[in-house]
Amino acid sequence: MENEAVIRLSGFIGVLLCMLLCERMWPRRTWRQGRLQRFAINFSLIALSGLLQRITLGAAAVAMAIYAQAQGWGLLNLIELPAWLMLLVGILLLDLAIYLQHVVFHQVPWLWRLHQVHHADLDLDATTGLRFHPIEILLSLMIKVVVVAALGISPWVVIIFEVLLNASSMFNHSNLRLPETVERRLRWLIVTPDMHRIHHSVHRVETDSNYGFFLSIWDRMFNSYTQAPRDGHTTMVLGLDYAQQPEKLKLQHLLIMPFVSRTKHHE
Ligand SMILES: [Zn+2]
Ligand SMILES: [Zn+2]
């Protein structure tokens, strides 16, 4: 597992550069804010979260997966499955857990206080996909450790899923314009930029839909799917309806946002 950090980092940098390049070449919407200004904020949040993870739980999910396997804990450690099925079932279960966690972060007021920082971005690009309040990142990590132990997911499945999830998040937050037919077909299985953008709408009814981060099937299955934004993809307003001034969305404001801002936005 000593290669884990290398796999993660190269996956992160490779996909990030690729998405930044693609969204520059084929943009979906015009930017509201200066890109460099947003990069500074988003990368600071990503770096802070990464640092916090390193000095606290680190690769806790993988460590827990190794321990659970040794102890024979968790659902999947009770049964023998071929590797490909293990991967498939593991990814499905972890992705479902992430979907459910996302719903809970929207519905429970004090969790929304943390999660609203992700929604406060006034534009979307690949960096938004990893921009969360550091406490939300830490909390998600703890939840993941419990889920991995309970389900008995193999360590290598956890690593593949995490790389996949990060890549998917950078992809579906990107400002990339996909050809219509490609978008439509892709969306049957995975969350596309057009699908996730609706989740970043200022309209509450749209924000509380399209919770998926990787597979799009859960939103259809649990009836939280929105097909198209009411104001159109290129003209819809992104962010929080109560926090639309960029000068109040700098790094220092975002870090204290969970402790000062209201708990739920209006329709
Ligand atoms: Zn959300
Ligand atoms: Zn998002």
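A residue is described as buried when its relative accessible area is under 20%, and in this predicted model His 118, with a relative accessible area of 0%, is therefore buried. His 118 serves as one of the protein donors of the zinc ion (ligand 2), and the others are His 173, His 196 and His 200, each of them contributing its NE2 atom at 2.1 Å from the metal. Along the chain, these donor residues follow the spacing H-x54-H-x22-H-x3-H. His 118 belongs to helix 5 (residues 109–119) whereas His 196 belongs to helix 9, so that the pair ties together parts of the chain that are 78 residues apart in sequence. His 196 is likewise counted as buried, because its relative accessibility is 1%. The angles among the 4 donor atoms of the zinc ion (ligand 2) run from 87 to 163°, and the site is irregular; a tetrahedral assignment would require all angles to lie between 85 and 135 degrees.

The zinc ion (ligand 2) is separated by 5.4 Å from the zinc ion (ligand 1). The coordination of the zinc ion (ligand 1) involves the NE2 atoms of His 102, His 106, His 115, His 119 and His 199, at 2.1 to 2.2 Å, and the sequence spacing of these donors is H-x3-H-x8-H-x3-H-x79-H. Here, too, distant parts of the chain are linked, since His 102 lies in helix 4 (residues 83–107) and His 199 in helix 9 (residues 193–199), 97 residues apart. Both of these histidines fall under the 20% cut-off for burial, as His 102 has a relative accessibility of 4% and His 199 has one of 0%.

Helix 4, which carries the zinc donor His 102, was examined further. For its 25 residues, a rise of 1.5 Å a residue predicts a span of 36 Å, and because the end C-alpha atoms are 36 Å apart, the expected and computed values agree. Among the buried residues of helix 4 are Gly 90, Ile 91, Leu 94, Asp 95, Ile 98, His 102 and His 106, and the buried residues of this helix pack against helix 5, helix 6, helix 7, helix 9, helix 10 and helix 11.

In soluble globular proteins, nonpolar side chains tend to be buried together. In the present model the largest nonpolar core contains 29 residues, of which Leu 94, Val 148, Ile 153, Val 158, Phe 161 and Leu 165 touch the most other members. At least two residues of this core are supplied by each of helix 3 (60–71), helix 4, helix 6 (134–151) and helix 7 (155–173), and the greatest contribution, 6 residues, comes from helix 6. When neighbours within four places in sequence are left aside, Phe 161 is found in contact with Ile 91, Leu 94, Asp 95 and Ile 98, and these four residues are included among the buried residues of helix 4.

Two asparagines were considered for their backbone angles. Most residues other than glycine have a negative phi. Asn 210, however, although not a glycine, has a positive phi of about 50°, and the phi of Asn 223 is also positive, near 60°. Asn 210 is placed in the loop between helix 10 (204–207) and helix 11 (217–221), while Asn 223 is placed in the loop between helix 11 and helix 12 (251–260). Their surroundings are described by opposite terms: Asn 210 is buried because its relative accessible area is 1%, whereas Asn 223, with a relative accessible area of 74%, is exposed. Beyond its neighbours within four places in sequence, Asn 210 is in contact with Met 195, His 196, Ile 198, His 199, Asp 219, Ser 224, Tyr 225 and Thr 226; this list includes His 196, a donor of the zinc ion (ligand 2), and His 199, a donor of the zinc ion (ligand 1). For Asn 223, the C-alpha atom is separated by 18 Å from that of Leu 92, which is 131 residues away along the chain.

Finally, cysteine pairing was assessed, and a search of the whole structure finds 0 disulfides. The cysteine sulfur closest to that of Cys 18 belongs to Cys 22 and is 4.2 Å away, which is too far for a bond, because a disulfide requires the two sulfur atoms to be within 2.5 Å. Cys 18 is partly exposed, with a relative accessible area of 39%, whereas Cys 22, at 18% relative accessibility, counts as buried.

Technical notes. Residues numbered from 1 in each chain as written. Chains lettered and ligands numbered in written order. Predicted model: local features only at pLDDT ≥ 70, side-chain atom pairs only at ≥ 80, totals over all residues. Heavy atoms only, no water. Donors = N, O, S within 2.8 Å, 3.2 Å for Na, K, Ca; no water. Buried < 20%, exposed > 50% of the residue type's maximum accessible area, 1.4 Å probe, protein only. Tetrahedral: all angles 85-135°; square planar, octahedral: opposite > 155°, others 65-115°. Core = buried A, V, L, I, M, F, W, Y, C linked by side-chain atoms within 4.5 Å. Contact = heavy atoms within 4.5 Å. Expected span 1.5 Å × (residues − 1).
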